[in-house]
Amino acid sequence: MTTTEGQDSATTTATATSSTSTAQSTVSPRAPSESSGSLKRSSTHDADDDENKDDSGWQTIQNGRPVKKKQKKTPGENSGRYPGITFSEQARLQSKINVSSLRDLVLYIFADGPSPQWVSVRHRPEFRKIVTIMIPGLEEAMFKPDVDFAAYSKLAPDQAADRLDTSPDDYYPRLLKKDALPRPLQPFADIFIHLWPVRAPGDDKNFRLHSPVQTMLTAPATKLKEEKRGVKAVTDPSGWKDERTRITEFLATPDELMENGFPMHPALLPKGERREKYKNPEGWVSTSVENLEDGDVPEADIQQGSITAGREILAVDCEMCMTGEKEFSLTRISLVSWGGEVVMDELVKPDKPITDYVTRFSGITKEMLDPVTTTLKDIQARLLDILHPHAILVGHSLDSDLKAMKLAHPFIVDTSIIFPHPRGPPLKSSLKYLAQKFLAREIQKGSGTLSGHDSIEDAKTCLDLMKKKCEKGKAWGSGENQGENIFKRLARAGTVYRATAGPAATGGLSTGKTSAAVDWGDLTRNACNAATVAITCKSDADVEAGIIRAVQGDPDGLEVPGGGVDFVWARMRELEAVQGWWTRKNPDDIATGPPDFLSSKPAEDSDSLDSTTPSALETCLATISQRLERIYDALPLCTALIVLSGSGDPREMSRLQAMQTQFKKEFNTPGSKWDELSVQWTDTEDKALRKAVRIARCGLGFMTVK
């Protein structure tokens, strides 16, 4: 960057700082106090001096000297106070850095994050901006010498996994040498010094890859002194618009029922011999639903605007006691209608002797059950009369309740599925947590005492959660994490220092930082909505332009503050589509899937290309390098640039996960035979999935300071 651009950045910083204070509407200039100094009238001959000028004609005197209000200029590249992020070759790392490590680096520089132990951050107060770009599809194997990109794209997912399998000890950053890189990626060496192996978030035990986007955009929760302990109730993002949704949109699919261990109902089986020969296990009953279509209500019979869609909604919750080792039997059932009326609330005496009443959770005691004569069969008979084909059962982790009732019903709305755990299955949020988070309500206060849980209270809580979900829409509450949105954290705790905000910020002052999210698709219904500015894109060219616009600001400052925002998060996705990683089934997609001009590209036949014709992958990588060069050139001095892939190749993991799901579905179907299953799942497939998850978690990253 030229000297003129360096001077411009000082003006940019001053403007951005001013706009931050205005946007937050919580920061005002500090008035001088006895502890900060005294006031002295400036002399007439220096009244027009910019360094000492004050709106009131007064200047601050501290330790006998006037305090300069003019902000320091942006340091030059050779200045002793120039900011930097460095890695020492003598440093000793214990493991790969994580996506959360990069997120915490941003929070350390600009807010209240912990100091990083894997790099050294020099002159933190001098950082003006941070730009973070996620480019899914980048792989470490691409940066090795003599890569044949035409053959690279032709490998099957299981073959591609082999090239990415590295030693667990390969967690040190790799020095980028321009002449050792493939030509399309050589510009990376002009911008960055190291390539960092970055471990994507996930769960090796349960073979899961967690969302790198959510991890990057979710800051760990902090406990402020003025805040009460406990779960903070969710609030609607700025600009949120409710989308009234019928409850039938939240019915669990047959696959979801199978994955979550629900008892099989014959209506879920494909039509044919298997369904006709199906028999309930001994002691079990199934509701009178022959086909899933029997639950549909004609549109003419549905009241306009009704969220129940003409169906009868019943919330159920059960309490169980132990009747053997790891065996629980039904001892209380509560059924509540959509309007909140109690349809059934019965104590039930198990057929077997109770070994543990688990009173601290169930609220059931021996004295309560001694006079009871109602049996499980009595309850089943009543439920079969109540649960007709138009009835929908609502509850939390209903698979446990249905197993206790020994009853199967195909129409289920389960709040543990509708409100997923932040770290994904098989983890599930508790009903108590969901009530605190989404209803600002405390339930189960008797848990751990002789009072135990109240099944009516739990059933009504499930109803209220679904009523709110139906009023708000599908997107509401589906992406909540146990943390704080990074854009909100920066706006709340973003810190300025004397170098950029003057003497009042000596030692650090929380004024908030402005931010921008630049991504494909609709950003109004996800975490990006919390950014100061959300820029929607339809191509990587749009993303590039959006980043530069967010950094430099709009001339009129109407949308992007003048001088640009402090923090930019962006995502380029064309490489992800070219690699075949971006699918419409990806739950991490902010957009619904790759656009037609990317997803419909025919597969390349490298045999039909001569050696001088670049492959689509090679062309895409060269374009990305050029985009990063232009973005880097447009950044003001003292700006940190972070690039990360987010994850490794997820295709083989996704294939094996789908295979495992199909196996579980067929294996758990009553009457199925092992040798007739369409897929088999053995230790061989189990080890392959473990390896595929490890590969999917092998990402990479780069960082530099302009």
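How many of the five residues of strand β17 are buried? Five of the five, so the strand, which covers residues 391-395, is largely enclosed by the rest of the structure. Keep in mind that this is a predicted model. Below is a quick tour: the buried strand and its neighbours, then the salt bridges, a negative patch, some long-range contacts and two residues with unusual backbone angles.

**Strand β17 and its partners**

- Look at β17 from either face and you'll find it covered: A391, L393 and G395 are buried on one side, and I392 and V394 are buried on the other.
- One partner is strand β14 (residues 312-324), which pairs with β17 in the parallel sense over four bridges.
- Within that pairing, E312 has A391 of β17 as its bridge partner.
- Another partner is strand β19 (residues 412-414), again in the parallel sense, this time over three bridges.
- Here V394 stands opposite V413 of β19, and V394 is also one of the buried residues of β17.

**Salt bridges**

- Side chains of opposite charge can pair when their charged atoms come close.
- Across the whole structure, a search turns up 28 salt bridges.
- One of them joins E299 to R246, with 2.9 Å between the closest N and O atoms. This pair links distant parts of the chain, 53 residues apart: E299 sits in the loop between β13 and β14, and R246 sits in the loop between β12 and α7.
- On accessibility, E299 counts as exposed at 51%, while R246 comes in at 30% and counts as partly exposed.
- Another salt bridge pairs E249 with K474, the closest N and O atoms being 3.1 Å apart. E249 is in the loop between β12 and α7 and K474 is in the loop between α15 (455-472) and β20 (483-485), so this contact ties together parts that are 225 residues apart in sequence.
- Both ends of that bridge are partly exposed: E249 has a relative accessibility of 45%, and K474 has 44%.
- D454 and R332 also meet through their side chains, in a salt bridge of 3.8 Å, N to O. D454 belongs to the loop between α14 (431-439) and α15, whereas R332 is in strand β15 (residues 327-337), so the pair ties together parts 122 residues apart in sequence.
- Those two residues fall into separate classes, with D454 partly exposed at 32% and R332 buried at 15%. Elsewhere, D112, E484, R489 and R492 are joined into one network by salt bridges that share partners.

**A negative patch on the surface**

- E290, E293, D294 and D296 form a negative surface patch.
- Of these, D294 can be placed in the loop between β13 (285-286) and β14.
- With a relative accessibility of 32%, D294 counts as partly exposed.

**Contacts between residues far apart in sequence**

- S153 and V578 are 425 residues apart along the chain, yet their C-alpha atoms are separated by 8.8 Å.
- You'll find S153 in the loop between α3 (149-152) and α4 (157-164), and its relative accessible area of 35% makes it partly exposed.
- V231 and F438 are 207 residues apart in sequence, and their C-alpha atoms are 9.8 Å apart in space.
- V231 lies in the loop between β12 (218-220) and α7 (254-259), and is partly exposed with a relative accessible area of 30%.

**Positive phi at non-glycine residues**

- D146 isn't a glycine, but it has a positive phi of about 55°.
- That residue, D146, is in the loop between β7 (129-134) and α3, where it is exposed with a relative accessible area of 78%.
- K326 isn't a glycine either, and has a positive phi of about 60°.
- K326 sits in the loop between β14 and β15, and counts as exposed at 76% relative accessibility.

Notes:
Residues are numbered from 1 along each chain as its sequence is written. This is a predicted model: local features need pLDDT of at least 70, side-chain atom pairs count only at pLDDT 80 or more; totals for chains, interfaces and linings use all residues. Side-chain values use heavy atoms; hydrogens and water are left out. Buried means under 20% relative accessible area, exposed over 50%, partly exposed in between (1.4 Å probe, protein chains only). Helices (H or I, at least four residues) and strands (E, at least two) are DSSP runs, numbered from the N terminus. Two strands pair if DSSP finds at least two bridges between them. Patches are made of residues with over 30% relative accessible area and no salt bridge: like charges are joined within 9 Å, nonpolar side chains (Val, Leu, Ile, Met, Phe, Trp, Tyr) within 5 Å. Accessible areas come from the Shrake-Rupley method with a 1.4 Å probe; for residues, only the protein chains shown count as cover. A salt bridge is a side-chain nitrogen of Lys or Arg within 4 Å of a carboxyl oxygen of Asp or Glu. Lys and Arg count as positive and Asp and Glu as negative; His and the chain ends are not counted. The place of a charge is taken as NZ of Lys, CZ of Arg, CG of Asp or CD of Glu.
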